[in-house]
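Thank you for making time for this short talk. Please have a look at the structure on the screen, and then I will take you through it piece by piece.

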Amino acid sequence: MRGEPSCPKCGGRVRAPGLFADSWQCDAHGTVHPLQPVIPPSVEALNVVVARAEVPVWMPWPLPVGWLFAGVANAGDDRSGGRATAVACSGPGPLGGFGELVLVAEELGVGLGARYAGIEGPDPGPDICADGPPHAKLLAGGRPTPLWHVPQAPDDRAVFAGEALGLWLWAIVWPGQSGLLMYDELVLTDLRDAGAEVALVPCGALSPRLLF
């Protein structure tokens, strides 16, 4: 678990704004929105990310039976607000065993979703839907949202990506066979709109998938 901001694209050290630059800088990627340290899951941690987020904070709500909130990450600073959010949940896999899901909402070019997906980024690319109809559909903020399978991802996970509210939406599921979860037409809620219901989110242990 890191104790200082890092690059959302590579995890490298970043330099804070200063005399020669008015934005966070990564030696490899230039100007970035810094990935803030991940802290153990709690309603308080979730509220902090929700309060600063400029993009949705997606969570399946209600959570699938037996699933728990397993941590949250965000990229951005106090001046720009959160420009990418990642919410982790974990629980029983659809084929047995243990499954984990990370949902990422981000602006174009942030690169956090691609990093969790294990692919070259920073985005899934404009031709993601060129292979035909979507491979999965869910409701995000009450709107039907198609997602396409991202074939370049490592074999240990299933990755889906699409667009919701004009921003990238990534769904990364471990292990790969737990990707069947995405065919159950999940209902995602933007926790910025959840109000007092955020206090009802059941918390589990921190998912190692959020840590690099």
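Let me begin at one small spot, where V14 stands opposite C26 in strand 2. Those two residues belong to a place where strand 1 and strand 2 run antiparallel and are joined by 2 bridges; strands here are DSSP runs of E with at least two residues, helices are runs of H or I with at least four residues, and both are numbered from the N terminus. Two strands pair if DSSP finds at least two bridges between them. Strands 1, 2 and 3 make up an open sheet of 3 strands in the order 1-2-3, with antiparallel pairing, and the edge strands are strand 1 and strand 3, each of which pairs on one side only.

Before going further, I should say that this is a predicted model, in which local features need pLDDT of at least 70 and side-chain atom pairs count only at pLDDT 80 or more, while totals for chains, interfaces and linings use all residues. Residues are numbered from 1 along each chain as its sequence is written, and side-chain values use heavy atoms, with hydrogens and water left out.

Now to the whole chain. The protein chain has 2 helices and 12 strands, and when you read along the sequence they follow the pattern β-β-β-α-β-β-β-β-α-β-β-β-β-β. The C-alpha atoms fill a box of roughly 55 × 40 × 30 Å along the principal axes. A compact globule of 212 residues would have a radius of gyration near 17 Å, and the 16 Å of this protein chain agrees with that; the radius is taken over C-alpha atoms, and the globule rule is 2.2 Å times the number of residues to the power 0.38. Of the 212 residues, 51% are buried, where buried means under 20% relative accessible area, exposed means over 50%, and partly exposed lies in between, with a 1.4 Å probe and protein chains only. If we take the contacts with a separation of 6 or more, 61% of them join residues 24 or more positions apart, a contact being heavy atoms within 4.5 Å.

What does the inside look like? In soluble globular proteins, nonpolar side chains tend to be buried together. Here the largest nonpolar core has 37 residues, and those with the most contacts inside it are L46, M59, L101 and M182. By a nonpolar core I mean a set of buried Ala, Val, Leu, Ile, Met, Phe, Trp, Tyr and Cys residues joined through side-chain atoms within 4.5 Å. Among the elements that give two or more residues to this core are helix 1 (43-52), strand 4 (58-60) and strand 7 (98-106). A second, separate core of 25 residues includes L35, A88, V159 and W174. Returning to L101, and leaving aside its neighbours within four places in sequence, we find that its contacts include P60, W67, V87, I172 and M182.

Strand 12 (residues 187-190) is a good place to look at two faces, since its side chains alternate: L188 and D190 point to one face and are buried, while V187 and T189 point to the other and are not. Strand 4 is joined to strand 12 by 3 bridges, and the two run antiparallel, with W58 opposite D190. Strand 8, by contrast, pairs with strand 12 in the parallel sense over 2 bridges, and there A140 stands opposite L188.

Finally, the charged pairs. Side chains of opposite charge can pair when their charged atoms come close. The whole structure has 7 salt bridges, each being a side-chain nitrogen of Lys or Arg within 4 Å of a carboxyl oxygen of Asp or Glu. In one of them, the side chains of R15 and D27 meet at 2.3 Å, N to O. Because R15 lies in strand 1 and D27 in the loop between strand 2 and strand 3, this pair ties together parts that are 12 residues apart in sequence. R15 is partly exposed, at 46% relative accessible area, whereas D27 is exposed, at 68%.

Another salt bridge joins R52 to D78, with the closest N and O atoms 3.6 Å apart; R52 is in helix 1 and D78 in the loop between strand 5 and strand 6, so that the pair links distant parts of the chain, 26 residues apart.
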